[in-house]
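Below are my notes on this model, set out as numbered points for your consideration. They take up the ligand site before turning to the packing of the protein interior.

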Amino acid sequence: MLPIEVQRAPTLKPKPSSEGLGFGKYFTDHMFRMDYSPERGWHQARILPHGPLGLDPGAAVLHYAQAVFDGSKVFRGKDGQLRAFRIDDHCKRLHSSAERLAMAPVPPELAREAIEALVKVEADWVPNAPGTALYVRPTVIASEAFLGVRPADKYIFFVILSPVGSYFSGGAEPVRIWVEQQATRAAKGGLGGAKAAANYAAGLQASMEAKKRGYAQVLWLDAAEHRYIEEVGTMNLFVRIGDEVITPPLEGTFLPGITRESALQLMRDWGMKVSERKLAVDEMREAHKKGELREVFGTGTAAVISPVGALGFREGQLVIGDGKVGEVSQRLYDTLTGIQYGTQPDRHGWMTVIK
Ligand code: COI
């Protein structure tokens, strides 16, 4: 067990109402913090008021982008219990992301203890309206003030919490996606498979351009040929052609999503034909011509399932299905959120009750 010092905030903030939560706008009263140095390892675990970190402007994270994070959710069930979704998997992923960026990784069990302790302190912040949750954002940054290019030797691990509503302001309405045929987000051998802050910076310019064209997000293609689909916005991508549901295989260019893995598991449980294989945009176009492109959807922690209603190209647009939420997308959304809120059986042991 990690000894965690708790320093309570002298005054507590008013809690926002469930309706206007949005995503990532509000933060709870407290955060967790722990520091790393080569001599002491991870030390001084504490829960303290949410506030500035006090970074030196020479801190390596600000210059060379040694920053990784993860994102998971805690739900308040109808029974009032708090449940975290696949928390161990999230902590393991944070560990491997940090390793990829040559950072001091946080042992997954320490990260988990930190998150549980903080959530317990902030239990009143877990909202209870449908679709809401407490979003958990554990982050590791290089804090050593040094401008030489090498892995830093000091790090900060912190966890902040944000009560959230649905990620998309318009609810689960299908979104229009721009198929990006020039910019790339990550190439083979790069950082794409880690939840590195830099990956999100890499995607911003194209997503801004897509928004100007009237699209909500970008569909990223492979960096080498711009032929194969990879992910959609910050989410993993699934395509249903006829009765086959296809998602690209994990080759290190995008994140091994925990919602992705859960969706694959559920569809296999239901006896569906599920393939982790390469899918070319041309195959999607062909399927569309034949009337077989039935559903496209993204999966991620923030949005859970995000149906795609149309794909935009320079040459025109493919409308998917009838522009409504597809049958598999809806079933996955209902089942996953049912498990998360404790109204459906948790057959795979994904939920941890936090007491
Ligand atoms: C998620 O789907 O949870 C994401 O990765 C998006 C997040 C960075 C806001």
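1. The shell of residues around the ligand is made up of 4 nonpolar, 3 polar and 2 charged residues, and since this is a predicted model, the contacts described below should be read as computed from predicted coordinates.

2. Among the 9 residues around the ligand, those that come nearest are Lys 195, Thr 234, Gly 300, Thr 301 and Ala 302. Lys 195 places a polar side-chain atom 2.7 Å from an oxygen atom of the ligand, whereas Ala 302 has a polar backbone atom 2.9 Å from a ligand oxygen atom, and a polar backbone atom of Thr 301 lies 3.3 Å from an oxygen atom of the ligand. The ligand, which exposes 290 Å² when taken alone, has 91% of that area buried by the protein.

3. Turning to the interior, the largest nonpolar core comprises 48 residues, and the residues with the most contacts inside this core are Phe 32, Met 34, Trp 42, Val 74, Val 140 and Phe 157. The element that gives the most to this core is strand β8, spanning residues 155–164, with 7 residues.

4. Leaving aside residues up to four places away in sequence, Trp 42 touches a set of residues that includes Met 34, Val 140 and Phe 157, and also Asp 35, Pro 105, Leu 110 and Tyr 155. Another core, of 24 residues, lies apart from the largest one, and its members include Ile 229, Leu 237, Met 284 and Val 296.

5. As general background, nonpolar side chains in soluble globular proteins tend to be buried together.

Terms used:
Residues numbered from 1 in each chain as written. Predicted model: local features only at pLDDT ≥ 70, side-chain atom pairs only at ≥ 80, totals over all residues. Heavy atoms only, no water. Core = buried A, V, L, I, M, F, W, Y, C linked by side-chain atoms within 4.5 Å. Buried < 20%, exposed > 50% of the residue type's maximum accessible area, 1.4 Å probe, protein only. Helix = DSSP H or I, 4+ residues; strand = E, 2+ residues; numbered from the N terminus. Contact = heavy atoms within 4.5 Å. Near = heavy atom within 4 Å. Polar contact = N/O pair within 3.5 Å; in protein donor to acceptor, adjacent residues only side chain to side chain. Areas by Shrake-Rupley, 256 points an atom, 1.4 Å probe, with all protein chains shown as cover. Nonpolar A, V, L, I, M, F, W, Y, C, P; charged D, E, K, R; others polar.
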